[in-house]
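The following exercises ask the reader to work from coordinates to structural conclusions. Each task is followed by a solution in steps.

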Amino acid sequence: MAKAVGTKTKTPKAKPIAAKSSGGKVLVIVESPAKAKTINRYLGGDYVVMASLGHVKDLPQKDLGVDVEHSFHPTYEVIPSKSKVIKGLKDAAKKASAIYLAADPDREGEAICQHLAEELGDGKPVRRVLFHEITKDAIQKAFENPGEIDGKLVEAQQARRILDRLVGY
C-alpha cells in the first residue's frame with residue numbers, strides 16, 4: 001500500500017498554537033456548517049470556524065486513478081464541485097495564524113484532514129483536534145491537546161477507496 005503523501009503517525013499530544021501567535025485568527029475546519037456554527041460559539045473571536053462539506057479530494061472521475069503497476073499508488077484531485085469551497089478555505093488559511101483540522105474522528109475524517117492539509121498547509125502550522133461530542137468542555141479539551149493526522153487511518157481509508165475503485169464501486 002502506498003503511503004499517503006505527507007502523512008504522519010499519530011502523536012498523542014502536540015503543543016497548542018496560541019490564537020494570536022502570528023497576528024491572524026486561527027482557522028478551524030470541520031465537516032458540516034451546523035458543527036461550524038456551534039463550535040464557533042464555543043471558541044470565541046480568536047477563531048474562524050469553516051466547513052469543508054465532507055471530502056474535498058477523490059480519485060479522478062474519468063480515469064482509474066490507481067497505478068496498478070506501481071504499488072497501487074493513487075492519484076487524487078480536488079473534486080470539481082468543491083473548488084469554491086477550497087478557494088474559500090485557501091483564502092481563510094492565508095490570513096490565519098494556524099490551521100486546526102477537526103473533521104470526524106474516523107478514517108474518512110482523517111483522510112479529509114490529510115487532503116485539507118495538502119491543499120491548505122503552505123508552511124503554516126497544522127494540527128488535528130479530536131472530539132467525540134459537541135460540548136463546550138469537549139471542544140476546549142480537544143484544543144488544549146491537539147495532535148497530528150493519523151497516517152494509519154489515512155492509509156486505511158485510501159486502501160478502501162482504491163479497493164472500491166478497482167472492483168467498480
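**Exercise 1. A salt bridge within one helix**

Which side chain meets that of Arg160 in a salt bridge?

Solution. The model is a predicted one, in which local features need pLDDT of at least 70 and side-chain atom pairs count only at pLDDT 80 or more, while totals for chains, interfaces and linings use all residues. Residues are numbered from 1 along each chain as its sequence is written, and side-chain values use heavy atoms, with hydrogens and water left out.

Step 1. A salt bridge requires a side-chain nitrogen of Lys or Arg within 4 Å of a carboxyl oxygen of Asp or Glu. The side chain of Arg160 meets that of Asp164, with 3.1 Å from N to O.

Step 2. Both residues belong to helix α5, where they are four residues apart, about one turn of the helix. Helices are DSSP runs of H or I with at least four residues, strands are runs of E with at least two, and both are numbered from the N terminus.

Step 3. An α-helix has 3.6 residues a turn, so residues three or four places apart point the same way.

Step 4. Arg160 has a relative accessible area of 42% and is partly exposed. On this scale, buried means under 20%, exposed over 50%, and partly exposed in between (1.4 Å probe, protein chains only).

**Exercise 2. Salt bridges between elements**

Determine which parts of the chain are tied together by the salt bridges of Asp58 and Glu110.

Solution. Step 1. Asp58 pairs with Arg161, their closest N and O atoms being 2.8 Å apart. Asp58 lies in strand β3 and Arg161 in helix α5 (residues 151-167), so this pair ties together parts 103 residues apart in sequence.

Step 2. Asp58 is partly exposed at 23% relative accessibility, whereas Arg161 is buried at 16%.

Step 3. Glu110 and Arg128 form a salt bridge with an N to O distance of 2.9 Å. Since Glu110 is in helix α3 and Arg128 in strand β8 (residues 126-128), the pair ties together parts that are 18 residues apart in sequence. Glu110 and Arg128 are both buried.

Step 4. The count for the model comes to 10 salt bridges. Lys57, Lys90, Glu118 and Glu119 are linked in a network of such bridges.

**Exercise 3. The two sides of helix α2**

Check the length of helix α2 and establish which of its residues are buried and which are exposed.

Solution. Step 1. The expected span is 1.5 Å times one less than the number of residues. For the 13 residues of α2 (residues 83-95) this gives 18 Å, and the end C-alpha atoms are 19 Å apart, which agrees.

Step 2. Val85, Ile86, Leu89, Ala92 and Ala93 of α2 are buried. Viewed down the helix axis, the buried residues fall within an arc of 130°, so they line one face of the helix; the arc is taken from the directions from the axis to the C-beta atoms.

Step 3. Lys84, Lys87, Lys94 and Lys95 are exposed on the other side of α2.

Step 4. The packing partners of the buried residues are β1 (26-30), β2 (47-51), β6 (77-78), β7 (98-101) and α3 (107-120).

**Exercise 4. Loop residues**

Where do Leu53 and Ser71 lie, and how exposed is each?

Solution. Step 1. Leu53 is in the loop between β2 and β3 (57-58). Its phi is positive, about 60°, although Leu53 is not a glycine. At 44% relative accessibility, Leu53 is partly exposed.

Step 2. Ser71 is in the loop between β4 and β5. Ser71, likewise not a glycine, has a positive phi of about 60°. With 51% relative accessibility, Ser71 counts as exposed.

Step 3. The loop between β4 (66-67) and β5 (73-74) also holds Phe72, which is partly exposed at 37%.

**Exercise 5. The whole chain**

How many helices and strands are there, and what share of the residues is buried?

Solution. Step 1. The protein has five helices and eight strands. Their order from the N terminus is β-α-β-β-β-β-β-α-β-α-β-α-α.

Step 2. Of the 169 residues, 45% are buried.

Definitions and conventions: Contact means heavy atoms within 4.5 Å.
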